[in-house]
Amino acid sequence: MKRRRCSLANHTRGWWISEDGSDSLSASFREDIEPAELGVGTVTIDVDYSALNYKDALALGGSRGVVRTTPLIPGIDAAGIIRESSDPGFAVGERVVLTGWGYGESRHGGLAETLVADSQHLMKIPGALSSYQAACFGTAGFTAALAISALEKSGVVATGGLPIAVTGAAGAVGSWSVALLARRGYRVSAITGRPHEAEYLRSLGAHDVLSRHEMIDLGKRPLGSETFGGVIDVAGGELLAALLSMLASNGVAVACGLAGGSSLPTTVLPFILRGISLIGINSVTKDTEVRERAWSDLAELASGLPLETMATTIELDSALSWAPTVLEGATRGRIVVNVRA
C-alpha cells in the first residue's frame, strides 16, 4: 500500500535522523519536512531515485561514524530533475546525479523527495542514461569505474593476462566491477562468501566464482602462487592480505572498501619481491573532470547490462526495514530507492 502524500504544499517526505534525548540517534519517516529545513545551496532537485548504500544503512541505524550532524536526511546518492537553480550552468529541468561530497553524512542527502545541493557537486546525467540507470550506478558504479581506471593506468591489460579478482562480488561495488570488467574484455574471478550467487555472478560475466574462505586459506603464506594480475577489493582485512600474496609480478590491487575489516595483516614481501602495488580509491571528493570521464564511460557501457538482476527497487518509506539486510551483506547488487513511488 502506498503512503498518502502530504497535502501541505511544498512539504517534503523523507527520512529524518535526530537526537532522541539520550545521546542516541533515531530515524523517523516524515511527511512534513519544510523547505526551510532542507538547508541552503545553489540548486534544488526533485529527487526521483536514491539508493540504500552501506553508509545509508549505518546512518539509519544511528551510527555516529556516518552521521556527522543532526538533524540529517540520509542518502549519499540522488538522481532527479532540477526545480530551481541560481547557477546558469545548471538549468531548470535538467537531469542530474549526485554522489559523495558529504551528502547524507554532514549535510542533507537523497533519501527525501527534495534535495538542496551546491551545483559544483552535481553531474549532468549523460543523455544515454535514464535517471533510474544513473541511480543503479550511483556511488557503487562510480567507485567501480574509478577502480578499473586505476588498474588500467597502472598497466593492467585485458588481453593475455591473468584474471582480475573481485571481492565482495555479489554486493554493489563488486557486481558493477564484475560486469564492467567483463564488458571491457577482462577475465574476472568473482570472490564471494555466498556460493548460491554463482549463477548470478556468471551472468554478469565472471569466468569463475571462488570462495572467500578458500582464498583466505590459500593466502596464509607470505607469498603464494602468482594467480591474479589485479584485484578490486571491497573487503580489506584477511582477504585482501591473502590476495596480495597471490598477485603476479607487477600486479595491482585496488582497495575501495573495508567490509571485512580495516586491518591489513600482511608483509612487505609481495611488494619488494614481486613489485606489486596497492592503490586506494576515494570516490567521495573527486573533481569534476574525473567524474565526467567516469560517467561518460558508464553511459557507454550501460546498454545491455542486466539491471533487472543487478538492482532491487524499493519504496522510500521501506528504507529503514531494509537497512539490517544491507548491513548483513545479504543483498545482491544495488538497492535502488524509488523516491516517488
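## Exercises on a predicted model

Pro71 is found in the loop between helix H1 (54-60) and strand S4 (77-85), where helices (H or I, at least four residues) and strands (E, at least two) are DSSP runs, numbered from the N terminus. The model is predicted, and local features need pLDDT of at least 70, side-chain atom pairs count only at pLDDT 80 or more, while totals for chains, interfaces and linings use all residues. Residues are numbered from 1 along each chain as its sequence is written, and side-chain values use heavy atoms, with hydrogens and water left out.

### Exercise 1: backbone details

Describe the peptide bond from Thr70 to Pro71, and then the phi values of Trp101 and Asn250, starting from the bond.

Solution. Begin with the bond that leads from Thr70 into Pro71, which is cis, with omega near -5°. Next take Trp101, which sits in the loop between strand S5 (95-99) and strand S6 (114-117) and has a phi near 65°, a positive value in a residue other than glycine. Trp101 counts as partly exposed because its relative accessibility is 24%; buried means under 20% relative accessible area, exposed over 50%, and partly exposed in between (1.4 Å probe, protein chains only). Then turn to Asn250 in strand S12 (residues 247-255), which has a positive phi of about 65° although it is not a glycine. Asn250 is exposed, since its relative accessible area is 59%.

### Exercise 2: helix H3

Work out how far helix H3 reaches and how many of its residues are buried.

Solution. Helix H3 (residues 172-183) has twelve residues and spans 17 Å from its first C-alpha to its last, close to the 16 Å expected at 1.5 Å a residue, the expected span being 1.5 Å times one less than the number of residues. For the covering, nine of the twelve residues of H3 are buried, among them Val173, Trp176 and Leu180. Just after H3, Gly185 takes a positive phi of about 95°.

### Exercise 3: two packings of helix H2

Describe how H2 packs against H3 and how the axes of H2 and H8 cross.

Solution. As a starting point, two packed helices are described by the angle between their axes and the distance between the axes. Axes are lines fitted to C-alpha atoms, for helices over the stretch in contact, and angles run from 0 to 180 degrees between N-to-C directions.

First, helix H2 (residues 131-153) packs with H3 at an angle of about 55°, their axes being 8 Å apart. H2 and H3 are therefore oblique to each other, given that angles under 35 degrees count as roughly parallel, over 145 as roughly antiparallel, 65 to 115 as roughly perpendicular and the rest as oblique. Residues of H2 including Cys136, Phe137 and Ile148 meet residues of H3 including Ala172, Trp176 and Leu181, where contact means heavy atoms within 4.5 Å. By class, this contact of H2 with H3 has eleven nonpolar, three polar and no charged residues; Ala, Val, Leu, Ile, Met, Phe, Trp, Tyr, Cys and Pro count as nonpolar, Asp, Glu, Lys and Arg as charged, and the others, Gly among them, as polar.

Second, the axes of H2 and helix H8 (residues 288-301) come within 9 Å and cross at roughly 105°, and H2 and H8 are therefore roughly perpendicular to each other. Among the residues that meet are Phe142 and Lys153 in H2, and Arg291 and Trp295 in H8. The contact of H2 with H8 has, by class, nine nonpolar, two polar and three charged residues.

### Exercise 4: helix H6 and its surroundings

Find out how many residues of helix H6 are buried, what covers the buried residues of H6, and which residues Ile216 and Pro265 touch.

Solution. Helix H6 (residues 237-245) is mostly covered, with eight of its nine residues buried, including Gly237, Leu239 and Ala242. The cover over the buried residues of H6 includes S9, H5, strand S11 (228-233), S12, helix H7 (269-273) and strand S13 (277-280).

From H5 (residues 212-218) take Ile216, which is buried because its relative accessible area is 13%. Not counting residues up to four places away in sequence, Ile216 touches Glu238, Leu239 and Ala242.

Finally, Pro265 lies in the loop between S12 and H7 and counts as exposed because its relative accessibility is 52%. Leaving aside neighbours within four places in sequence, Pro265 is in contact with Gly237, Glu238 and Ala241.
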